[in-house]
Amino acid sequence: MASVNDEILQIFFQECQEQLPVLESGLSSLDSGDYDPETVNAVFRAVHSIKGGAASFGLERLVRFAHTFESALDCLRSKTVEPTSEIVRTFIQSMDVLSDLVSEADGSGEHVPDDRIANHEKSLLSVIEMGGGSGPSEIGASPAPADFTPMAFEGFDLEDDLELTPDSSGLVIVGFRPLDDLYRRADDPRNILSALKALNAEDEVFLVECDKSALPPLADLDVEKSYLSWSVTLPGSVTDEAITEVFDWTGDACEMTISRIGGDGPEGGGAPPAGEESAATEEAPTVQNEPAKPAPPPPAPASVTPIPVREAQKARAPRRPQDATIRVDLPRIDGLMDLVGEMVIAMSSMEAACSMPHGQAREDEVKQCLGGIKSLTRDIQDSVMGLRAQPVKSVFQRMQRVVREASQIAKKSIILELEGENTEVDRTIVEQLTDPLTHMLRNAVDHGVESTEKRLANGKPKEGKIILSAGHRSGRIVISIKDDGGGINKQRVLQIAKEKGIVSLDAALSDDEINELIFAPGFSTAATISDLSGRGVGMDVVKQAIQALGGRVSIKSEEGVGTTFDLSLPLTLAVMDGMFVECRGNRMVVPLASTVETMKIYPETRINRLPNGGMAVALRGDFLPLVVLGDELGLHDPAGLAGYDLLGKDILVVENESGAKAAIVVDSIHQQAQVVIKSLDKNYKDVAGVSAATILGDGSVALIIDVPSIVSTVTRRLDTRSNPASKKRAA
Amino acid sequence: MPDSATVQGGVSASPTAADAPKTCVLTVDDSRTMQMMLRNTLEAAGYEVIQGEDGVDGLHVLEATKSIPSAIITDINMPRMDGFGFIEAVRKDDRFRRIPMICLTTEVDPEKKKRAREAGATGWIVKPFNPQSLIGAIRRVTA
């Protein structure tokens, strides 16, 4: 049973992850002055939903805060307070607290300090007071909602709620006459009768009499109207409160009286209702309460009970495995289904073609079918990728908070604009983007945008702006972070790099190379380590994270105008386009994304041997470091190293993510094709120079070349610096 | 039915939940967590459960279902059409207006309860719910 509960708890947390962005975007639009009532409602519902779920799992801290938050938002909804920017800011900060409380509850975040919660609760309370309220109702008002009773059902009384006085002498007579309204609510006197019956826990006295005197002849009977009234005799031990509770929900749709006979039980008041007088008379018809099925005993503890959350947390790993389920729009599944249907048809045409008599006609037919299947396979693949695709919105919206908090700490006023947040990318990538983006945005706030004074002095608007955008570009997704700050101070970057020994003191670097330096391990330009980005993690970590996703980072910076970081990422990690090459009897794959061009080595091709053993090839006036792939990977060459004849071999010009190029010599280049990436690491072990493997049509394995690692080895061999510099020197 | 009779004392426990055909309950809530809990609770007690994610969807489900539900549990705060609107809409439809409808909500505001009564709600349960009590309530209204 615990697993069922745990499953629901997971759904709850998933739902929180869906509601928080709704809250975020709603509050953002409020912040930008859009006071659409629907936005306010959506914001309210998001918090309400989180509260409702949290209460079911006994997540008290979360419930309490959400409740206060909700009450404050309700003031906005009921228009008792105006959404001034100050109030919206209070809400935005509270949202951050709420989000942290969710993380605390799901075990992915740290414990939220009590004083932080209290502070924000106080601001929310002041909003409520502004709205004329004196505080949130019920839940929030009690400091510790430990007595937050799970459920009170109104309309029917519960046996547990019974309060029996020890004195059981005497009788109490409850008279009631339902009004038409009771029936309109699809209620039934039977429900009241069975609830009253439940009060008689000891099976002592339970007498029901029905008064049919008001019943008209059948012809005149209006089924919508109420004609009957009842009187129920219960033991005197049943309190008035318990009886009133039965009528709590239906009280306005019934005339009800309580009277007591004998005993020293509490005196009930009120005369019998009109039309009830005759009920007591002996000949008054009474009705057996059989139509009202007796209330069943409570079922054995059902499968869902509020979960003792501590235990649930203990059982979970510190960080819950990222949601193993995805939600997919139905049309996408339908689209896939259509394609599969077409595939079935294509297969039967293929079978038909294969059974044709041998000859050219069959040959042609098979080829045609194969072509069809090929394109369908590609479509199906795209379509399945589409199922895994997710808009980057979820990550982008989280960045609002990052920038908000960072600019608060840095005491700068910065707005973050999002563009293209509906761009879709594989969910694995979406999930792994959070950390690098967080870091880059903090960096943009801290180092990118200048201080307010400096901005004003330079004639810029006081408010800094960072634009986070996403878009598709030639089969990849490009995410850019653009700030309107001061740009990279190249002199300073170079000076620091020299001081830290990242480059030699006499190095002459191009602008691009200087920009690249900020990705060097151990580089930090900040004169003082600030709270924000100086946390011992540099941009090199960002770069590594992006590279691990098969991405590249590039920088454009203009002094005084701003800096743009472009992250270029593959759409998926599962499939890629590759170039098949032959290398000393092995078939290998070079990722197409890193291949710039191909060429053949002719007798007139200029290849220079360098004193350090490296080689360089001239290409349109530039020299590129040349590397023989077979040698690089340590593959045995039957002819021996010295005898390897470069003439007639093919060259692939490849490029790493920072644009450094190298020429790779292979025996021959075959076709270009899509390959499915299989991790070598998982199935065998990590191999230098190889990033992964793929399986060929004949079942054999081909290795996928790790271009960045080859380029870095080879460029380091030529020069410690990146390629363009060596190019200059070689030229 | 006997014209006149009195009943004294208890009656034996009700038939078990396994009775066929199953009694159908419609739950309307925009929270998947709540829907999942309701489904688990009700199914464990032997009910057939159909669900709608808001008032509008609830009406669609009601329109499309083959088994008319014996009871409806609805949330109050929902997008598109809230619980009040949903109850009113159901009460206006001659096919469905006899179905008991119970509000399941975190709200405790008497004003809201009043609105629900006026709309035609049969009962009001405050979230978080206790499974036994919920089932008890459903049993009573579907008895």
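In the predicted model, helices α2(B) and α3(B) meet through a defined set of residues. From α2(B), the contact involves G55(B), G58(B) and L59(B). From α3(B), the partners are G83(B), G85(B), F86(B) and A89(B). By class, three of these residues are nonpolar and four are polar, with no charged residues. Helix α2 of chain B spans residues 55-64, and helix α3 of chain B spans residues 83-92. Their axes lie 9 Å apart and form an angle of about 30°. Angles under 35 degrees count as roughly parallel, and the two helices are therefore roughly parallel to each other. The crossing of α2(B) past α3(B) is right-handed.

A second helix pair was examined in chain A. Helix α13 covers residues 427-448, and helix α17 covers residues 539-548. The axes of α13(A) and α17(A) are 9 Å apart, at an angle of about 150°. The two helices cross in a left-handed manner. On the α13(A) side, the contact is formed by D435(A), P436(A), H439(A), M440(A) and N443(A). These residues meet M539(A), V542(A), A545(A) and I546(A) of α17(A). The contact has six nonpolar residues, two polar residues and one charged residue.

Chain A as a whole contains 21 helices and 23 strands. Of its 731 residues, 37% are buried. Contacts in chain A were also considered by sequence separation. Among those with a separation of 6 or more, 71% are between residues 24 or more positions apart.

One annotated position in chain A was then considered. An unreviewed UniProt entry annotates H48(A) as "modified residue: Phosphohistidine". This residue is located in helix α2 of chain A, which runs over residues 37-56. The surroundings of H48(A) include 27 other C-beta atoms within 10 Å. The cut-off for a buried residue is 20 or more, so H48(A) is classed as buried. Beyond its neighbours within four places in sequence, H48(A) has contacts in both chains. The contact in chain A is with E70(A). In chain B, the contacts of H48(A) are with N77(B) and T106(B). The position that carries the phosphohistidine annotation in the UniProt record is thus a buried one in the model, within helix α2 of chain A.

Terms used
Residues are numbered from 1 along each chain as its sequence is written. Chains are lettered from A and ligands numbered from 1 in the order in which they are written. This is a predicted model: local features need pLDDT of at least 70, side-chain atom pairs count only at pLDDT 80 or more; totals for chains, interfaces and linings use all residues. Helices (H or I, at least four residues) and strands (E, at least two) are DSSP runs, numbered from the N terminus. A residue is buried if 20 or more other C-beta atoms lie within 10 Å of its own, exposed if 12 or fewer, and partly exposed in between; C-beta atoms are placed from the backbone. Two residues are in contact if their C-beta atoms, placed from the backbone, lie within 7 Å. UniProt positions are given in the numbering used here, feature names are shortened, and annotations may be inferred rather than shown by experiment. Axes are lines fitted to C-alpha atoms, for helices over the stretch in contact, and angles run from 0 to 180 degrees between N-to-C directions. Angles under 35 degrees count as roughly parallel, over 145 as roughly antiparallel, 65 to 115 as roughly perpendicular and the rest as oblique. A crossing is left-handed if the near helix is turned anticlockwise from the far one by less than a right angle, and right-handed if clockwise. Ala, Val, Leu, Ile, Met, Phe, Trp, Tyr, Cys and Pro count as nonpolar, Asp, Glu, Lys and Arg as charged, and the others, Gly among them, as polar.
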